[in-house]
Amino acid sequence: MLGVRTPFRISFSGGSTDLPAFYQKYGGKVISTSINKYMYHFIHRFDSKMIQIKYSETELVDDAKKIKHKIVNKIGEYYDLTGLDINSIADIPKGSGLGSSSAYTVGLLNGLNSNLGFTLSKDDLANLAADLEINKLGEPIGKQDHYATAFGGLNKIEFNKDDTVTIEKIDIDDQSKKFLSSSLSLVKIGPSRSASKILKDQSQLMTEDKNTKYGKEILALVDPMIDAIRRCDIKEIGNLLNENWKLKINLSDGVSSKDIDQMVSSLLDKPGIYGTKLLGAGGGGYLLVAGEPNSIKVLNSDDCLSVDFENSGSTVIFKDN
């Protein structure tokens with residue numbers, strides 16, 4: 001048996017500039033960190049003629065072409081899955097805005113290559129996963145999640161016009177990470193949602209000159225966010241989250257909703273809460289909230305999730321003979 005653990009991520013600033021429609025013209029960048037919430041894949045030998053896939057459903061097929069899970073189905077065109085049982089479990093449901101789809105793709109590709117005796121670099125793993133989802137499956141998504149979950153850690157990720165990607169580690173000490181973690185919370189809002197429609201709208205808008213100003217303004221928030229994080233200036237982090245959110249809601253009608261707007265207003269009315277934005281494409285999932293540690297503690301409920309920063313990225317955690 002082989003086990004792979006791949007982290008989810010939170011994005012502080014720069015989201016949507018990783019969409020090809022934008023970065024191929026203007027360049028893009030984000031700042032994000034992987035967190036201690038994970039996607040797990042366990043792969044082991046099963047029946048010599050069958051393939052078993054377990055996720056929210058269980059599929060047992062005799063041909064990879066019959067697999068309903070679209071990511072595994074596409075991977076089955078490039079890897080021989082016959083005889084394997086592939087079981088995936090996650091700490092957080094899909095559609096959360098935390099990069100679950102990309103974590104699934106990165107983790108499974110990591111596991112399958114390791115099962116074959118290959119060790120991919122973090123860069124090759126991220127690039128392979130992004131190519132599969134964006135180019136081969138035609139998903140209207142950006143690249144940031146594949147790199148965030150493959151590499152792990154707190155990073156500035158730049159998306160160059162020539163489709164290359166540059167990773168810059170943002171080094172802060174453990175005490176700063178502990179403070180920042182205590183100053184952040186994830187608040188669940190609404191049901192899980194599919195990002196595809198929202199991202200398709202965003203990508204289309206990004207090609208219209210009149211809307212590129214929003215992408216450029218989002219892009220301009222990344223370096224100030226990095227500076228605020230390095231200084232552990234939680235008030236400035238919150239202010240920048242608010243600015244990012246105000247820009248993001250212009251990219252698609254599906255990004256926000258009446259319920260989300262009300263939740264954002266309610267959170268910002270609380271003492272010591274400085275800022276928030278919805279993670280992922282929008283429409284539902286988790287709000288990232290920044291505030292004083294004591295104010296963050298008051299938020300704690302069944303709908304709130306505390307997180308710590310993570311540094312390992314996608315990792316093989318178990319492998320027997």
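1. Tyrosine 26 is partly exposed, with a relative accessible area of 28%. This is a predicted model. Phenylalanine 22 is buried, at 0% relative accessibility. The two residues sit in helix 1 (residues 20–26), 4 residues apart, which puts about one helical turn between them. Their rings form a tilted aromatic pair, 5.1 Å centre to centre, with 40° between the planes. The pair is tilted because that angle falls neither under 30 degrees (stacked) nor over 60 (edge-to-face).

2. Tyrosine 40 and phenylalanine 42 form another aromatic pair, and this one is stacked. The ring centres are 6.4 Å apart and the planes differ by 5°. The centre distance qualifies because the cut-off for a pair is within 6.5 Å. Phenylalanine 42 is partly exposed, at 26% relative accessible area. The structure holds 5 aromatic pairs.

3. Which residues join Tyr40 and Phe42 in one aromatic cluster? The cluster is made of Tyr38, Tyr40 and Phe42. Tyrosine 38 also has a charged neighbour: arginine 5 lies over the face of its ring, at 4.5 Å from the ring centre.

4. The sheet to check is open and antiparallel. It has 4 strands in the order 9-10-8-11. Strand 9 (273–278) and strand 11 (304–305) are the edge strands, each pairing on one side only. Strands of a sheet pair through backbone hydrogen bonds, either parallel or antiparallel. Between strand 8 (residues 184–189) and strand 10 (residues 285–291) there are 6 bridges, and these strands run antiparallel. One register point to verify by eye: isoleucine 189 has glycine 285 of strand 10 as its bridge partner.

5. Helix 10 (residues 234–248) lies across strand 8, strand 9 and strand 10. Its angle to strand 9 is about 35°. Helix 10 also takes part in covering helix 6, as the next point sets out.

6. Helix 6 (residues 174–182) has two sides. Its buried residues are Ser176, Lys177, Leu180 and Ser181. Viewed down the helix axis, they fall within an arc of 135°, so they line one face of helix 6. Asp174, Gln175 and Lys178 are exposed on the other side. What covers the buried residues? The cover includes strand 8, helix 9 (222–230) and helix 10. Note that a lysine, Lys177, is listed among the buried residues, whereas Lys178 is exposed.

7. Helix 8 (residues 212–219) can be read in a similar way. Thr212, Tyr214, Gly215, Ile218 and Leu219 are its buried residues. They fall within an arc of 155° seen down the axis, so they line one face of helix 8.

8. Is asparagine 113 buried or exposed? Asparagine 113 is at 6% relative accessibility, so it counts as buried, the limit being under 20%. The residue belongs to helix 3 (residues 100–115). Beyond its neighbours within four places in sequence, asparagine 113 is in contact with Tyr79, Phe118, Leu120 and Leu128.

9. Threonine 149 is in helix 5 (residues 144–151). Its relative accessible area is 0%, so threonine 149 is buried. Not counting residues up to four places away in sequence, threonine 149 touches Thr6, Pro7, Ser102, Ala103, Val106, Gly313 and Ser314. Phenylalanine 118, a contact of asparagine 113, is 31 residues from threonine 149 along the chain. The C-alpha atoms of phenylalanine 118 and threonine 149 are separated by 19 Å.

Technical notes: Residues numbered from 1 in each chain as written. Predicted model: local features only at pLDDT ≥ 70, side-chain atom pairs only at ≥ 80, totals over all residues. Heavy atoms only, no water. Phe/Tyr/Trp six-rings, centres within 6.5 Å; stacked < 30°, edge-to-face > 60°. Buried < 20%, exposed > 50% of the residue type's maximum accessible area, 1.4 Å probe, protein only. Lys NZ or Arg CZ within 6 Å of the ring centre and 35° of its normal. Pairing = 2+ DSSP bridges. Contact = heavy atoms within 4.5 Å. Axes fitted to C-alpha atoms, helices over the stretch in contact; angles between N-to-C directions. Arc of directions from axis to C-beta.
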